[in-house]
Structure formats: C-alpha cells, structure tokens
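Below are some comments on the model you sent, set out as numbered points. They start from a single residue and move outward to the chain and its partner.

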Amino acid sequence: MLDIDALHMAIGMVFQLDTILWLAVGVTIGVGVGAMPGLTATTGVALMLPLTFTMQPAAALGLLIGLYKGAIYGGSISAISFATPGTSEAAATVFDGHKLMQRGKGRKAMLMALYASVTADLLSDILTILIAPMLALVALQFGPSERFWLMVLAVCLLGALSGAHLAKGMLSAALGLFIGTIGADPLTSVSRNTFGIWWLSDGIHLIPLVIGIFAMGAMLERAVEIMRERGTTQRLGSAMKSMMSMSGEGLTFREYLSCWKEMAIGLGLGSFVGMLPGLGSTVGAFLSYSVAKSASPEKKIGTGRLEGVAAAEAGNNATVGPTLVPLLAFGIPGSAVAALIGAALALQGATPGPRMFDLYPHIIYSLFIILLLGNLFNLGIGRMFAFVYAKLGELPPPLLVPLVMVMAVIGAYAFQNNPYDVVVMLFFGLVGYGMRVFRIPEAPLIITFMLTPIAEESLRRGLLINEQDWIETLFGSPLAIGLVVGVVVLTWLSTRVRIAERMQAVTEEAAHSDAAESRADGAEAARPSSPTQP
Amino acid sequence: MESGGGAGWLKTNQAVGACIATASAVLFIYIFSQEWAHRELRDGFRLGFTAMAAAVAILLCGLAMVFDSQRHVVEEDVRSLKSADWLRVLAVLLLCGAFFLGAIYSAFHLAAPVFVLILTYVFGVRPWWACLAAAVIITAVLYGLFDLIGAELPGAG
C-alpha cells in the first residue's frame, strides 16, 4: 500500500538543493568514471561510499545511484570514440559504435547510446518499483530458517554465475564467509577469529574491504602494467589531441524509434539478468547484443549499425534498477554495487530488507524517486558533455592511478578516522590484485561478507526457537525444504550445465564474430579498387 | 584462458588450488586448536563453528580447483606474471603506507604531492615538471573535494 505521508516526506527529501546537487555530482563523476578505461562503476561507488555517511540519506543515495547510472552509460563514450570500453559493460558497444565513429557518425552513435541507455534504464526502474514491494511482501512471510536458506541459495547462485570457473566463484564466496567471521560474534558480541590482533576484535569493516578489493586491487594491476610497459611518456603528449572534432549529424527521432525492438530486447534481458545475483551488466549487454543480432539478421548488426549500439546499451543500463530488487526485497545484494548501496543505507541506519518498506518507507520512496530522476540527469549531462568526457577517456593511467590511490587511502581513513582501516585496505588491495590476476571474481566475496552475520543470526535464531533441534531448524517447513532443494539442484546444475561458462562462451562468440567481421571490412577497405568492380 | 602447456605446473589452476587447499587446512587446524573456537555460547552455539565451516568451504573449493575440468588451465595474466610484479605491487603498497604515515605525522597537503610526484615519475611521466604539476593539481582537487564533503583528512587535527 502506498504511504502518502512517507511519499510526501520522500519528495521533500529528494527535491532539496542538497540532494539534487549530489545527484548531479554523482552523475557527473559517474559518466567520467565510466569514460575512463580502468575505472568501473564499482570502483567509483566504493571510493565515494565513505564520503556519504556525513550526508543526509537522500543525498547519499543521490550521489551513489547517480554515479552508478552515469558510469554504466559513460563506458560507451570511450567505447565509441576509441574502441576502448571505459568499463567491461560497454565492450559490446564497441562492435557497432566504433565502426559508426570511423564512418564519421560518432555523434549519432553516442546519442543512440545515451537515448537507449536512458530509455531502458527508466523502464527497468519502473519495473523495479513495481516488483520490489511485491517480493518484499513475500519475503516478510519467511522465518529465520527460510531466510538462512535463501541466503545460501543466493550465495550459490552468485558463486555459480560469477566468472567462468565455478570453483573460483565459490572460493570467493567462501573467503567472504571467512572474513565475515573475523571480529565480534553477531549475537553475543564475543570476540573471535582475530588471530590475536586486538584491533581486529571490532571486525573487518566493509568500507576498507571494498576499497581495497575493488579500487586498490584494480589500481595495483594498472600500476604493474604501467611499470612493465613504460610506454606512457608519449601518450601524455598525445593525450589531449583529437576528439573535439566530434561535430556531425545527430540522431533523428525516426532513427531512435527504429531501434525499439533492440531496446525492448535489452530492457527484457537486462532487467532479468539484473535481478539474478551474480550476472551483472556485462552479461546483460552481451546477451542482449547477441539475441538482437540473431533475432534480426537482415539488420546486419555488427557492421556499424545503430541497432547494435541500442541493444548493447539498453542491455547494460537495464540492469541498474533491477539489481536493487533482491537487496530491497530480501536484504540480499545481487551485485557488488548493490552491496555498496546496501552498505550506504545501513550506514544511514536503514538496513535493507523487506521490513524496510514498513520501517523506512520515506527512504524507499526517496530511492525510487532518485532512480527515476537519475535518468533525467544522465540524459542532460550525457547530452551536454559527452564530447568533453570523450577527452577524459584519454587521461593517461600514470595520472589516474596515483589519483585513485590517494582517494583510496583517504577514503579508508575518513570512514572512522582509524589508521588500522588503512592497513586493512592495503592488505585487501593485495588480495584484490591476486584475485584479479587469478581471475577469481570479487563480487561473491563482498556479498557473502555482508550476508555472513545475517545468515548466522538467522540460523541461530532458528536454533533458539526450535530448542537446538538442527533438523527442525533447517528442514522444518515446506518452504525451507523447497529452498534446500533449490540449493542442491542449483549446485548440481552449476557443475553439469556450467551456466557461467556458457555465458562466457556467448560473450566470446559475439566478440570473435565481430572481430572477424571487422577484419573482413578492413581487408575490403584496404583492397585496391579494381576496374571490374562496380 | 589457456591450457598450461609451456607455462609450468606452478601456474596452473591445479597448483593454485593446491596452495589454497593447504593454506585452508592449516587455517582450520589453527582455529581448531584455539580455546575460543570450542567455547559454548549462551545459545548453545560454538564460537568457532562459522569460522571453521568457512575454512572447510575454502578447503573444498581449493580441492575442486585441483580436480575439476579446468585444472590444467593457466589464466592469461598468470602466464605473464613474474616475481618482479609482486615486488612492484609490494613497493607501491609500501609507498601508499608511507604516504599515509606522512599525512598523519605532517599533513595531507604535504604528503600527497610527494606521493603523487614519486608515483608519476616512477610511472614514466616526463618531463619532471609535468609530475610536479600533476602532484599539485591532484592534491588541490582532492583537498577541495574532501573539504567540501567535510571528511576529516589525516593530520588535520
């Protein structure tokens, strides 16, 4: 039921100068983060998260959601301009976007990317607003054991779908579980698993952990690449060249409408993928691109078509809102960014979950309004400054890496002015680097880390209710048994069907076929004109 | 993702899995040997149950990497990884630590430019005054940003 008072309160919270300003700042930074190769939406949100706890809830949500939306779209700018996707989500945009750019239709491609992103994002947000409260009502019927099994199911799904190697996905989740046990016991606050280090008795905090794993880990990888190559001196000189000559024909309304089918495919697949824990926007983009390509072979997607840009961009941006559905409905983040937004809500005192709709309806409504409003900002800022951001994509990594590293150190410290948080962040930076090198996905670690105390608390509450009867606690209701069956079937399917490997194969197949087409196009272009040719 | 032919066994998923399995077994034994792990709480739960369960989960995942179908695979980044890369990573982390200590004991606006200057120079940015300009600009921008947000910088008090 719609709570009118809470809605009024939410409107008041969102339409304040402070919130609007931070939303604009979030989108502005986000598009820049997306446009810069090497920085991802997760890195950006992780770096900004410690700065939000001094803000009002709506302003904090505005900054983070604006940044997330902006970054997912921003990746397309450098993908189209330089064939270097700013984020992995935009890799599918390169195929058609950069070919359009080479033909002098870069402006058209960028506008198509923007409009497709905003359209799919807006519609998927509406879907989120409709679905999340309904699922939360279902979640409210769950008892402690059902909640426990639901989290186990989510972790299994996350491990199975993240990355191409099931064991590595599950390993990441297991590491998150272990790190989550360091510090105080969630029910009795007794210290445990601290390795005799006194400052660990308070546990590992999410903020230094995510900054270390995502931001510092990524920057260390970049730093190693730079130090290996040392070929960056020339890049600095050439960095500010090119790109501003991005004038050219714009996008007509008819051209925008002609891509409705691809945008619809992107919206449908992206929304579905977004709601499933573990898949994320990269899979959304590639899946949508592949389906659109095979659904309309006559359109020759992959040869520099607006439809290809529309499918890829609609596919990745349509995951943005739905990725929050499991977080809001069940308290289970479906992606790393959703986990960080959940952490921001928790920092504001509003722990995400089904009861949030009853306890903090004004924050939920604020979030929904910000989700919708963020699209308008994305549209405005993307429309006005896309060509300026294209230059940002050329920012040399030797400048970017120190900038992010300083932000990571200060961000970890600023969280609670604790020097040990910096030590933790640096340690997890090393862990994050190792995970990147060994291709162990990071998202399951963060999400399982966040779920560990909640899952443990649910299990122990169940045990208390059932007087230490483990069988009754774990298998005491039909729903709990159904969830256990779900866990078993999913684990079995993951080993037999290898869902993630197949997803990876779809991605690689799309990339290879388009690379082959590009080579063929190049050969065609390079061939000297023959008198026999028309 | 390539199969491990010329890269040597040590770089395969199997070797990585074996290391993880061994480390987690040691971790499990360590936790099991601790007195706190067996302490029974008011609700009848053992304090070390979840930590030991996590160590077992890591062990199982490590073993899965040893025996699964991708055991001979060498990841592309691992193939090109050299021990010098780990030294580089450690050096950068130490530099970050030194920057933080510098900021604590002096001030952010003194330590940050030095850190950025060193790092950009090591990364090959030339001429040197470009490093200096980058150091000053990055510090000024971040100082402004943190000041605007109201975040407390190390050494500020």
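1. This is a predicted model, and the values below should be read as such. A:Val485 has a relative accessibility of 44%, so A:Val485 counts as partly exposed; the class lies between buried, under 20%, and exposed, over 50%. A:Val485 sits in helix 23 of chain A.

2. A:Val485 belongs to a nonpolar patch on the surface. The other members are A:Ile471, A:Phe475, A:Ile481, A:Val489, A:Trp492 and A:Leu493. Together the residues of this patch have about 640 Å² of accessible area.

3. Which helices supply the patch with at least two residues each? They are helix 22, covering 470-475, and helix 23, covering 478-497, both in chain A. Helix 23 gives the largest share, with five residues.

4. On chain A as a whole, the model has 24 helices and two strands. The chain has 534 residues, and 60% of them count as buried. Its accessible surface comes to about 19,700 Å², with 65% of that belonging to carbon and sulfur atoms.

5. The contacts within chain A reach far along the sequence: taking those between residues at least 6 apart, 80% join residues at least 24 apart.

6. The next item is the interface with chain B. Here 68 residues of chain A are in contact with 67 residues of chain B. The size of an interface is often given as the accessible area lost when the parts come together. For chain A and chain B the buried area is about 6,100 Å², and 77% of it is on carbon and sulfur atoms. On the chain A side, A:Met227, A:Val406 and A:Ile410 lose the most area to chain B, together 10% of what that side buries.

7. As for polar links, the rule finds three salt bridges across the interface of chain A and chain B. One of them pairs B:Glu75 with A:Lys168, where the closest N and O atoms are 2.8 Å apart. Six residue pairs across the interface are in polar contact, with both residues at pLDDT 80 or more.

8. Several elements of chain A each supply at least two residues of the side that touches chain B. They are helix 8 (166-180), strand 2 (191-192), helix 9 (206-229), helix 10 (233-238), helix 19 (397-414), helix 20 (419-437) and helix 21 (443-465). Helix 19 accounts for the largest share of that side, twelve residues.

Technical notes: Residues numbered from 1 in each chain as written. Chains lettered and ligands numbered in written order. Predicted model: local features only at pLDDT ≥ 70, side-chain atom pairs only at ≥ 80, totals over all residues. Heavy atoms only, no water. Patch = residues over 30% accessible without salt bridge, like charges linked within 9 Å, V, L, I, M, F, W, Y side chains within 5 Å. Areas by Shrake-Rupley, 256 points an atom, 1.4 Å probe, with all protein chains shown as cover. Salt bridge = Lys/Arg side-chain N within 4 Å of Asp/Glu carboxyl O. Helix = DSSP H or I, 4+ residues; strand = E, 2+ residues; numbered from the N terminus. Buried < 20%, exposed > 50% of the residue type's maximum accessible area, 1.4 Å probe, protein only. Contact = heavy atoms within 4.5 Å. Buried area = accessible area lost by both parts, 1.4 Å probe. Polar contact = N/O pair within 3.5 Å; in protein donor to acceptor, adjacent residues only side chain to side chain.
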